[in-house]
Amino acid sequence: MLKPKTIILFFLIVSHAIFSNEDVWGKVGHQVIGEIATQNLSLNAMYQVKKILDGQSLSLVSTWADEMRSNPEFSKYNSWHYVNMPLDKEYHEINKNPKGDVVQAINKCIEVLKEENSSKELKSFHLKYLVHLIGDIHQPLHTGRFEDRGGNDIKLNFLGNASNLHRVWDTQIIEYFTIDYKSLANDLINKQKTQVSLNPIDWSYESHQEVKKIYSQILAKENISSDYIEKNFSLIKSQLHKGGLTLAAVLNDIFKK
């Protein structure tokens, strides 16, 4: 029989997992980015990644940072997953979160991975976060407004079911098409490759331009229809493709020696 303290701890952990879900890019999206990146790694980057992750794939570890959010000890990293920006300002114009944000966190991860004296344990931790956070920053609402928590507080109905704007873009549009991550990744890999920046501030800028359009489209809208889903899936696919290529470019640069 479980002791009362054990039951309470279990409840707290499960509750934290439930209420943290709205801040994450969905599982499939992160896995797609990991798969696209894997297929664009240099030989040395592939070797180093496998060595650090003990053979685990980028797709497998891409959701680790979200899974760890069910552990209260990881709450200090919650702010790493996003950066809130007013629609009329860009990253260089805002007051930075002293707890960190997705841009600061990505730079920290890159710094640790480039440091030759970093332990394998430290590199593994920051590589897993890097894979995840590059996915997050390419989900436009992770650069959304502070006042509605990146769309979490904009309540909507998704095909008749209660939801919110952030969740719609994180998971529900992708899930609507019932496609597995490998199939979606393979479809996107065949798209023409685009030149990507290695600067996280550029990624935040690009996502922020898209989130402005998302907010403008949603004004006075209460129901997400199939028309909205079909219209916006192309942007999600473009962001996933760009996220995968960006992750590969960053890892190739880190492990270019």
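Arginine 145 is partly exposed, with a relative accessibility of 22%. In this predicted model, that residue takes part in two salt bridges, one with glutamate 147 and one with aspartate 148.

The two acidic partners of arginine 145 sit in contrasting surroundings. Glutamate 147 is exposed, its relative accessible area being 57%, whereas aspartate 148 is buried at 6%. In the pair with glutamate 147, the closest N and O atoms are 4.0 Å apart. In the pair with aspartate 148, the N to O distance is 2.7 Å. Since buried means under 20% relative accessible area, the 22% of arginine 145 places that residue in the partly exposed class.

A further salt bridge joins the side chains of lysine 212 and glutamate 90, with an N to O distance of 3.1 Å. Lysine 212 belongs to helix α10 (residues 200-218), while glutamate 90 lies in the loop between α5 (64-67) and α6 (102-114), so the pair ties together parts that are 122 residues apart in sequence. Lysine 212 is partly exposed at 26% relative accessible area, and glutamate 90 is buried at 11%.

The three pairs described above are set out below.

| Basic residue | Acidic residue | N to O distance |
|---|---|---|
| Arginine 145 | Glutamate 147 | 4.0 Å |
| Arginine 145 | Aspartate 148 | 2.7 Å |
| Lysine 212 | Glutamate 90 | 3.1 Å |

Elsewhere in the chain, Lys114, Asp253 and Lys256 are linked in a network of salt bridges. A search of the whole structure gives nine salt bridges.

The overall architecture provides the setting for these pairs. The protein chain contains eleven helices and three strands. Along the sequence, their order is α-α-α-α-α-α-α-β-β-α-α-α-β-α. The pattern thus opens with a run of helices, followed by two consecutive strands, and the remaining strand stands between helices near the end of the pattern.

Contacts and surface complete the description. Among contacts in the protein chain with a separation of 6 or more, 77% are between residues 24 or more positions apart. The bridge between lysine 212 and glutamate 90, with its 122 residues of sequence separation, likewise connects distant parts of the chain. Of the 257 residues in the protein chain, 49% are buried; glutamate 90 and aspartate 148 belong to this buried class. The accessible surface of the protein chain amounts to about 13,100 Å², and carbon and sulfur atoms account for 54% of that area.

Note on methods. Residues are numbered from 1 along each chain as its sequence is written. This is a predicted model: local features need pLDDT of at least 70, side-chain atom pairs count only at pLDDT 80 or more; totals for chains, interfaces and linings use all residues. Side-chain values use heavy atoms; hydrogens and water are left out. Helices (H or I, at least four residues) and strands (E, at least two) are DSSP runs, numbered from the N terminus. Buried means under 20% relative accessible area, exposed over 50%, partly exposed in between (1.4 Å probe, protein chains only). Contact means heavy atoms within 4.5 Å. Accessible areas come from the Shrake-Rupley method with a 1.4 Å probe; for residues, only the protein chains shown count as cover.
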